[in-house]
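User: Please take a close look at a single part of this structure and describe its surroundings in one connected account. I am new to it, so kindly explain each term as it arises.

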Amino acid sequence: MIEKNFSIRVIGCQMNVHDGDKLRGELLSRGWREADDENGADFVVFFTCSVRERAEQKAASEMGKFGKKWKKSRRPCLAFLGCMAARVGSAMARKFPWIAVTAGPAHIGLVPDAMDRALETGEKFIAGSGTDVAGSISCAPKSRGNPHKAYVTVANGCDQFCAYCIVPYVRGRFASRAPEDVIGEARALVRNGAAEITLLGQNVDAYGKDFDGGGRGRFASLLDGVSSIDGLRRVRFATSHPSDFTDDILDVMRDRPNICPSINLPVQAGSDRVLREMNRRYTKDEYVSLVRRIRAALPESSITTDLIVGFPGETEEDFEESVALFEELRFDLAHTAAYSPREGTPAASRADQVPPAERARRLVKLNGVQTEISRKINASMVGRTYEVLLDEPSPKGEGLLQGRTATDKVVLVRAPLEMAGAFRAARVIGSGPWCLEGELV
Ligand code: SAM
Ligand code: SF4
Ligand code: F3S
């Protein structure tokens, strides 16, 4: 049997990281080997993101760089996967003949066979651009990139059609998985060593709304089921949509200490007019009241958000409402972005686009405000002790391990590599806006 080597690169969100883990597991179980570095790989697999134009440009430029080497030796071939592949897979495969396999997220189940065939017979595989699921890969617990942490998808796709967002077009319609499948997969992962499980969906809190009878309370009962698994130390979930976040979720979180009090609740804008035009289905006041309810129920919780500046038609006053919302709610962290027009979405064809330089100015201003807030929140943690799941070597320096508190704060501690995967108490001795410095106690 010829040895087949692969290497995986992931751009984009946890959805792609998780798809990468599943593909890695499947390839290893078929006798493929993960190359130590890309230079020795027969196949370099790209998981790509479409959410902003820059992410697509980066992927295209990185894939383009392989042409020179491939023309000389016909190696490595590329697999072009992920959200961008659902959009432009076949066009890119025509442009870059070194792309031997391309498939969007709905067709990932067809990729392992296609990669085998590409190496054995030279056959190319270009999946259709549809979003109907054609085969899936279940999670392979033993081969995760990180053995201590695992993801479980609770729902695929998204039906929200926010006016700026490409995700519903590349990941398909919202479809919840059966609760027994989700809980069974989580249980298998825990048996195989996962201490922390993150439940994933674009809209996790809408889980089950598409089941017969629809109804609410379903994400809360799924959380209850997953958090009851013996030996599971931490449960996280992302992302929550403010209009689907019901109070019964807070009840379960309060009752179950292993559900981490850390909630990503994207607001996207601070102005009601912009929220309406974004098709977000809540007002600023409804959002503020939800954050207050979360903080009342879970006083130690951390809340992070996502926000877009420069959505078409956003005035200076609208933007200042976003700034004021950040100052009022004091999020632990914010993922902010300048609006990027995505072809095919309603917002992209609007005539009232905010000039790019103005979008950039607003982003810098808002980031400055949030950085100071995060810096102060983190500084207030100095001197306190937290339980940290030590995780992986920190890129910030030799001998440092990176860990996370239950509230998802990054803590760097001096600790031996063998401690990765352990829960330890760490006292915070220093802080910055993005991470904390700790010492083991
Ligand atoms: N489902 C989540 C929600 O409802 O907020 C977010 C998923 S989206 C993949 C991740 C983030 O990308 C969004 O929260 C949004 O802030 C950002 N995003 C999406 N489309 C964008 C666009 N066209 N331009 C800039 N940022 C965008
Ligand atoms: Fe995109 Fe909106 Fe769906 Fe989030 S909820 S993935 S922002 S369409
Ligand atoms: Fe995620 Fe990017 Fe796709 S953010 S869902 S990888 S478009």
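Analyst: **The setting of one residue and two ligands**

Leaving aside residues up to four places away in sequence, N203 touches C158, Q160, F174, T239, H241 and D244, where contact means heavy atoms within 4.5 Å. The model is predicted, so local features need pLDDT of at least 70 and side-chain atom pairs count only at pLDDT 80 or more, while totals for chains, interfaces and linings use all residues. Residues are numbered from 1 along each chain as its sequence is written, chains are lettered from A and ligands numbered from 1 in the order in which they are written, and side-chain values use heavy atoms, with hydrogens and water left out.

N203 lies in the loop between strand 10 (196-200) and helix 8 (218-227); helices (H or I, at least four residues) and strands (E, at least two) are DSSP runs, numbered from the N terminus. With a relative accessible area of 2%, N203 is buried, a term for values under 20% (1.4 Å probe, protein chains only).

Among the residues that N203 touches are C158, Q160 and H241, and these also belong to the surroundings of ligand 2. The other residues around ligand 2 are F161, C162, Y164, C165, V167, P168, Q202 and R280; each residue has a heavy atom within 4 Å of the ligand. By class, this shell holds seven nonpolar, three polar and one charged residues. Ala, Val, Leu, Ile, Met, Phe, Trp, Tyr, Cys and Pro count as nonpolar, Asp, Glu, Lys and Arg as charged, and the others, Gly among them, as polar.

Q202 appears around ligand 3 as well, together with C13, N16, C49, S50, V51, C83 and R171. The shell of ligand 3 has four nonpolar, three polar and one charged residues.

Terms used
Buried < 20%, exposed > 50% of the residue type's maximum accessible area, 1.4 Å probe, protein only.
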